[in-house]
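User: I'd like to go through this model with you and ask how each label was earned. Could we take the labels one at a time?

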Amino acid sequence: MEKWNIYDIFEQGESIIAGSTQKDDRFFYDFSLSLYAGDDKEKIKSNREIFREAFPEEYGLVSFYQIHSDKVIDISEYKSFSGWLESDIEADGIVTTQKGVVLATLGADCLSLLMYDKEAGVIGAAHSGWRGTAQNIAKNLFETMQKHGAKAERTLCAITPGIRECCYEVGSEVVEHFKKYPSSFTKKSNGKYMFDNAEVNYLRLLEMGFKKENIEVSDICTGCSTERFFSYRKESGCRGRFMNYIAMKP
Ligand SMILES: [Zn+2]
């Protein structure tokens, strides 16, 4: 689990645990954790058992079936957690005030946002591919946390590994959503663009009132790091997915 702790912004092991899993060839499909990307579910469940064993027994996990939307669900009142082995919620963001509940997203180029306001005692996690970013799921995620007292000026946010500008060629149909953020794309001679989804999310967080020093943008590009992370683009439509997670310690 230690090698999953790639974020410096959280006081790891104090009140919070957060991280991103990485490829591991000791397990099926290099340790992919997605039940819905086409791999054998029993083998994925075996991997998810390995993932579960990294947490103390009392922890519950909520993962969801990601639909590239801006839908955020508040699960603070949930009583049971079956997410270790299945994903029963359709959404792209989740928020909770419960300690000992792991919020998890899956990625293979799409980045995620992991947020924590220690004083309010609330965490959030969202999957934000370009479609989620175009719909501004970061805003929905934080507004749901605000209902529990979260304040922008003290909320911490990690932007997970994802595909970055060096590897992410897109058409104008993507970039047209992000004209307001010209630093997030570069036009190429072939008429396409290189796009940086993390940059848009970073600028949006600043607009919402987050402090620069409270935002950690992972410098890992999944496209450049296929030895450690799955990349849908660089591994030609791979089925592998890594898990990003955050939980408040009980
Ligand atoms: Zn790259």
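Analyst: Gladly. Helices and strands here are DSSP runs, numbered from the N terminus, with at least four residues for a helix and at least two for a strand. Please keep in mind that this is a predicted model. With those names in hand, Tyr29 can be placed in the loop between β1 and α1, and Asp30 is found in that loop between β1 and α1 too.

User: What makes the phi of Tyr29 worth a remark?

Analyst: Its sign. Most residues other than glycine have a negative phi. Tyr29 is not a glycine, yet its phi is positive, near 45°. Asp30 is also not a glycine and has a positive phi of about 55°.

User: Why is Tyr29 called partly exposed?

Analyst: The label runs from 20% to 50% relative accessible area, with buried under that range and exposed over it. Tyr29 has 31% relative accessibility, so Tyr29 counts as partly exposed. Asp30, at 32%, gets the partly exposed label as well.

User: And why is Asp88 called exposed?

Analyst: Exposed means over 50%, and Asp88 has a relative accessible area of 52%, so the label applies. Asp88 lies in the loop between β3 and β4 (89-90). Beyond its neighbours within four places in sequence, Asp88 is in contact with Ser63 and Ser82. Asp88 and Tyr65 are 6.9 Å apart, C-alpha to C-alpha, with their positions 23 residues apart in sequence.

User: Ser34 next. Why does Ser34 count as buried?

Analyst: The cut-off for buried is under 20%; Ser34 has a relative accessible area of 6%, so Ser34 is buried. Ser34 sits in the loop between β1 (16-20) and α1. Leaving out residues up to four places away in sequence, Ser34 touches Ile44, Leu106 and Arg241.

User: Which backbone nitrogen lies 3.2 Å from a polar atom of the Ser34 side chain, and what makes that a polar contact?

Analyst: The backbone nitrogen of Tyr36, at 3.2 Å. The limit for a pair of N or O atoms is 3.5 Å, with one able to donate a hydrogen and the other to accept it. The Ser34 side chain also reaches the backbone nitrogen of Ala37, at 3.4 Å.

User: How many aromatic pairs are there, and by what rule?

Analyst: Ring centres must lie within 6.5 Å, and the planes then decide the type: under 30 degrees is stacked, over 60 is edge-to-face, and the rest is tilted. This rule gives 16 aromatic pairs. Take Phe55 and Tyr245: their ring centres are 5.4 Å apart and their planes meet at 80°, so this pair is edge-to-face. The pair links distant parts of the chain, 190 residues apart, with Phe55 in the loop between α1 (41-53) and β2 (60-65) and Tyr245 in strand β14 (residues 242-248). Both rings belong to buried residues: Phe55 has 5% relative accessibility and Tyr245 has 0%.

User: What type of pair do Tyr168 and Phe195 form, and how do you know?

Analyst: A tilted one: the centres are 5.9 Å apart, and the angle between the planes is 45°. Tyr168 is in the loop between β9 (156-159) and β10 (169-170) and Phe195 is in strand β12 (residues 193-195), so the pair ties together parts 27 residues apart in sequence. Tyr168 is buried at 9%, and Phe195 is buried at 0%.

User: Which strands are at the edges of the six-stranded sheet, and why are they called edge strands?

Analyst: The order of this open sheet is β3-β5-β8-β7-β9-β13, with mixed pairing. The edge strands are β3 (72-74) and β13 (215-217), each of which pairs on one side only. From one strand to the next, the twist averages 10°.

User: What makes β7 and β8 a pair?

Analyst: Two strands need at least two bridges to pair. Strand β7 (residues 111-117) is joined to strand β8 (residues 122-128) by seven, and they run antiparallel. Helix α3 (residues 137-146) packs on this sheet, touching β3, β5 (93-96), β7 and β8, and its direction makes about 165° with that of β8.

User: Last one: how many disulfides are there?

Analyst: A search of the whole structure finds zero; a pair would need its cysteine sulfur atoms within 2.5 Å. Cys167 is buried at 11% relative accessibility, and Cys221 is buried at 5%.

Technical notes
Residues numbered from 1 in each chain as written. Predicted model: local features only at pLDDT ≥ 70, side-chain atom pairs only at ≥ 80, totals over all residues. Heavy atoms only, no water. Phe/Tyr/Trp six-rings, centres within 6.5 Å; stacked < 30°, edge-to-face > 60°. Buried < 20%, exposed > 50% of the residue type's maximum accessible area, 1.4 Å probe, protein only. Axes fitted to C-alpha atoms, helices over the stretch in contact; angles between N-to-C directions. Contact = heavy atoms within 4.5 Å.
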